[in-house]
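Colleague: Before I use this model at the bench, I want to know what stands behind the labels. Can we go through them?

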Amino acid sequence: MSTKISRECLAELLCIADSDWVLGHWYIKVMLNGRSLPDCTAFAGMGQDSLGHTRAIFRFLEDQLDLPDHQLEFGRAPVELHDMEVLSRPPQNWGDFLATAFMAECALWRLLSTFLDSANPELAGMVKHFGKELYFHRLGLEGWIAATDGEERSDMRRSLLERGPLITRWFGSAVEQDPLLSSGIRTSSVATARDAFLTDVMDVMTEANIMEAGELEAALGGQTDDDWDAARRKSVGARIPDTLWEFMIPTDEDTVALRRPLAISVDDNLDLVDRAEYGHTDYA
Amino acid sequence: MGLVKQKSARNTMAWSYFEVFAREEADGPLFHLGCVSAPNRASAVGQARMVYSEKPWLEMCIVPRDAVIPVIGVNGMIGVA
């Protein structure tokens with residue numbers, strides 16, 4: 001088995017990283033819609049995790065494939081992104097946000113988890129670490145879903161019907177041969193991940209009485225069309241909206257002027273753990 | 001985003017409080033970090049992990065405030081009938 005990261009793996013991991021990149025910005029934008037201070041703080045934490053995972057995957061790929069540093073974050077045009085298409089449309093209300101974010105989190109984790117026992121130990125370790133954090137994203141969203149009221153539940157049902165099939169479609173149709181699976185980079189199939197995603201969504205949404213199991217199962221069965229771009233897991237030619245892209249990588253003159261040189265910002269140690277100047281936060 | 005009328009107010013004052021504890025080292029004490037208020041247990045667990053993520057904790061747990069048995073209280077004289 002080869003542990004080398006291939007171009008197919010680059011595309012697959014970009015589908016996850018780019019989608020998490022967009023989802024992280026959803027959390028940042030929605031942060032102030034939290035209903036309490038811990039809600040807002042939780043969104044900040046989720047955004048931080050998502051953007052951190054994105055950058056970790058970018059750096060892993062750049063390292064493994066000898067790509068120039070920061071090319072994946074700052075060197076690509078919007079048309080080159082592998083982001084989840086359904087996240088291009090902003091959340092329409094609280095219910096829509098909860099349902100979409102929960103489904104996207106489940107889908108991202110289930111596709112990531114196919115690499116849990118990867119023959120590439122660095123990738124396997126990274127995925128394991130992400131898994132520990134992403135569990136709490138899903139749990140937090142699950143709690144908010146359970147706490148919704150009548151109007152929000154109607155919004156969630158609408159969101160499941162409209163966006164659910166698009167997120168299921170993200171897994172694509174069953175492929176005859178997956179080079180990542182045969183090379184051991186991935187150890188479980190995308191079809192398995194898709195089934196697990198459907199189970200995750202069905203379990204939480206039926207437990208919270210958002211939709212009946214049969215109705216939801218029928219709604220989620222997304223099929224790919226002829227214009228499906230399997231490498232980017234989105235429709236051919238689909239691209240991230242300009243306003244969303246500008247939010248992710250601002251290009252206005254003032255922001256660019258304020259942005260620190262990459263060499264400095266990347267080498268900054270933002271981890272506050274065990275730094276003398278933050279000793280006053282120790283609980284001991 | 002949706003219209004303002006679609007954002008319904010929620011009575012967060014009715015939410016339950018959960019006290020958050022964490023352990024930094026295997027042989028170290030379980031510290032009280034603070035608390036979160038949440039509509040249910042799942043939400044409280046998610047929030048505790050997100051809010052108190054400043055250290056790579058070895059262990060973290062939450063306790064519903066209602067489950068805490070007072071020994072010495074700030075409100076009233078426990079044990080005095």
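Modeller: Here are the labels, each set against its definition. This is a predicted model, in which local features need pLDDT of at least 70, side-chain atom pairs count only at pLDDT 80 or more, and totals for chains, interfaces and linings use all residues. Residues are numbered from 1 along each chain as its sequence is written, and chains are lettered from A and ligands numbered from 1 in the order in which they are written.

Colleague: Why is Ala48(B) called buried?

Modeller: A residue is buried if 20 or more other C-beta atoms, placed from the backbone, lie within 10 Å of its own, exposed if 12 or fewer, and partly exposed in between. Ala48(B) has 27 C-beta neighbours inside 10 Å, so Ala48(B) counts as buried. Of the 81 residues of chain B, 22% count as buried.

Colleague: What is Ala48(B) in contact with, leaving aside its neighbours within four places in sequence?

Modeller: Contact means that two C-beta atoms, placed from the backbone, lie within 7 Å. Ala48(B) is in contact with Phe18(B), Val20(B), Val36(B), Met60(B) and Ile62(B), once neighbours within four places are set aside. Ala48(B) itself sits in helix H1 (residues 41-51) of chain B.

Colleague: What makes a helix or a strand here?

Modeller: Both are DSSP runs, numbered from the N terminus: helices are H or I with at least four residues, strands are E with at least two. Chain B has one helix and three strands. Along the sequence they follow the pattern β-β-α-β.

Colleague: Which elements of chain A have the lowest and the highest mean pLDDT?

Modeller: pLDDT is the predictor's confidence in each residue, from 0 to 100. Helix H12 (residues 262-267) of chain A has the lowest mean, 55, and helix H4 (residues 94-112) of chain A the highest, 96. Over residues 269-273 of chain A the pLDDT is below 50. Chain A averages 88, and 89% of the residues score at least 70.

Colleague: How many residues does each chain give to the contact between chains A and B?

Modeller: Chain A gives 26 residues and chain B gives 26 residues. H5(A) gives the most to the side of chain A that touches chain B, with seven residues. That side has 14 nonpolar, eight polar and four charged residues. Nonpolar covers Ala, Val, Leu, Ile, Met, Phe, Trp, Tyr, Cys and Pro; charged covers Asp, Glu, Lys and Arg; the others, Gly among them, are polar.
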